[in-house]
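Please open the structure in your viewer and keep the selection tool at hand. The tour below moves from one selection to the next and says what is there at each stop.

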Amino acid sequence: MEIIIAKEAGFCFGVKRAVDGAYNETQNKDKKIYCLGEIVHNNNVINQLKKEGITFAQSIDEIKEDNIKLIIRAHGIDRKIYNVAKKRNFEVIDFTCPLVKKTHDIAEKYHKIGYYIFLIGSKNHPEIIGTSSHCGKNYSVIESEEELRKEINNINSLKIEKLLVIVQTTFSKSKFALFEKIIRETINPKINLLINNTICNATGNRQLETEKLSKMVDLLIVVGGKNSSNTKKLYEVASKNCKSLLVENYEDIDLKFVKDFDKIGLVSGASTPIEIVNEIADKLKLL
Ligand code: SF4
């Protein structure tokens with residue numbers, strides 16, 4: 001059996017920065033450490049960090065003590081949370097990915113000069129919740145083509161002069177290309193349109209590599225959290241071209257199913273440690 005591991009497998013730089021930083025913080029035990037939300041969509045990493053003393057809270061209201069350290073993960077947060085943390089004397093350790101921060105800055109800059117904003121992405125995704133808090137009042141979060149067409153009709157009927165389009169850093173490149181085409185073709189030409197593709201290269205390159213690899217192998221295994229949006233997108237890309245599996249670790253793999261394939265590719269979501277991918281490759285080689 002031949003195994004090919006994607007070059008882009010393992011953490012992206014934003015997640016690596018957050019995870020390494022969180023481990024670093026555990027070296028200093030002067031304050032209790034909380035992290036808002038899962039730092040990565042990966043149970044192995046979460047369990048290890050819990051052992052090192054980090055408590056994961058789903059919301060700031062769950063945290064009852066004051067004077068703690070609060071880790072912000074790479075997805076970023078709603079800007080209101082910074083104010084609450086300040087009032088409660090939390091020491092904020094901010095690992096919001098610089099590329100997510102850049103999207104926040106773009107949203108801030110343009111909503112302040114009167115742009116309506118189309119924020120393309122998944123409504124309930126933490127990154128979109130964070131970014132939307134930088135969009136002022138005049139914005140729409142758009143996830144599907146149907147929603148996009150509806151919002152364009154809406155914008156065309158209102159007296160909107162300027163429109164900015166930004167996008168979740170982990171959104172599908174091909175889907176965004178389609179959205180961009182629809183916007184350019186159907187928006188009222190009098191509207192001053194600014195499209196800023198904020199999909200990050202780490203995501204885009206992973207999707208491109210997944211597509212390429214899925215045309216070279218018989219089976220592509222996508223390793224990542226089942227609730228991770230960028231992992232699910234890789235699986236979607238892979239499934240179009242070859243048999244594909246989405247697994248969190250080696251234990252999830254149906255060995256009876258995979259053992260008959262000659263050429264297997266391995267790709268991973270941005271929040272999967274490379275060690276898990278390597279472990280899968282090593283064990284599959286022994287089948
Ligand atoms: S996927 Fe891109 S934007 Fe998101 S954390 Fe990783 S490097 Fe940053």
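The stops that follow take in a ligand, a cavity and some aromatic rings.

Before selecting anything, bear in mind that this is a predicted model.

**The ligand and its shell**

Begin by selecting the ligand, and then add the residues around it, which are C12, F13, G14, A74, C97, L99, T169, T170, C200 and T203. If you colour this shell by class, you will find six nonpolar residues and four polar ones, while charged residues are absent from it.

Next, colour domain 2 (13-96) and domain 3 (99-195), and look again at the ligand: both domains give residues to the shell, so the ligand lies between them.

**The cavities**

Now turn on the display of internal cavities, if your viewer offers one; the count comes to two cavities of 30 Å³ or more. Which of them holds the ligand? The ligand sits in the largest cavity, and the space in this largest cavity comes to about 300 Å³. Its lining is made up of 25 residues, and to find those that lie nearest the centre of the largest cavity you can select C12, V15, H75, T170 and A270. Two of the residues in that selection, C12 and T170, are also among the residues around the ligand.

**The aromatic pairs**

For the last stops, leave the ligand and show the aromatic side chains, since a search of the whole structure finds four aromatic pairs. Select Y116 and F118, which form an edge-to-face pair, with 6.2 Å from centre to centre and 85° between the planes. Are these two residues buried or exposed? Y116 is buried, and F118 is buried as well.

Then move to F171 and F179, whose ring centres are 5.8 Å apart and whose planes stand at 55°, so this pair counts as tilted. Here too, both F171 and F179 are buried.

Technical notes:
Residues numbered from 1 in each chain as written. Predicted model: local features only at pLDDT ≥ 70, side-chain atom pairs only at ≥ 80, totals over all residues. Heavy atoms only, no water. Near = heavy atom within 4 Å. 1 Å grid on protein atoms, 1.4 Å probe; cavity = no way out; pocket = protein on both sides within 12 Å on 5 of 7 lines; lining within 4 Å. Sits in = over half its atoms within 2 Å of the grid points. Nonpolar A, V, L, I, M, F, W, Y, C, P; charged D, E, K, R; others polar. Domains from an automatic or database assignment. Phe/Tyr/Trp six-rings, centres within 6.5 Å; stacked < 30°, edge-to-face > 60°. Buried < 20%, exposed > 50% of the residue type's maximum accessible area, 1.4 Å probe, protein only. Points joined across faces, edges and corners; volume = space filled by probe spheres on them.
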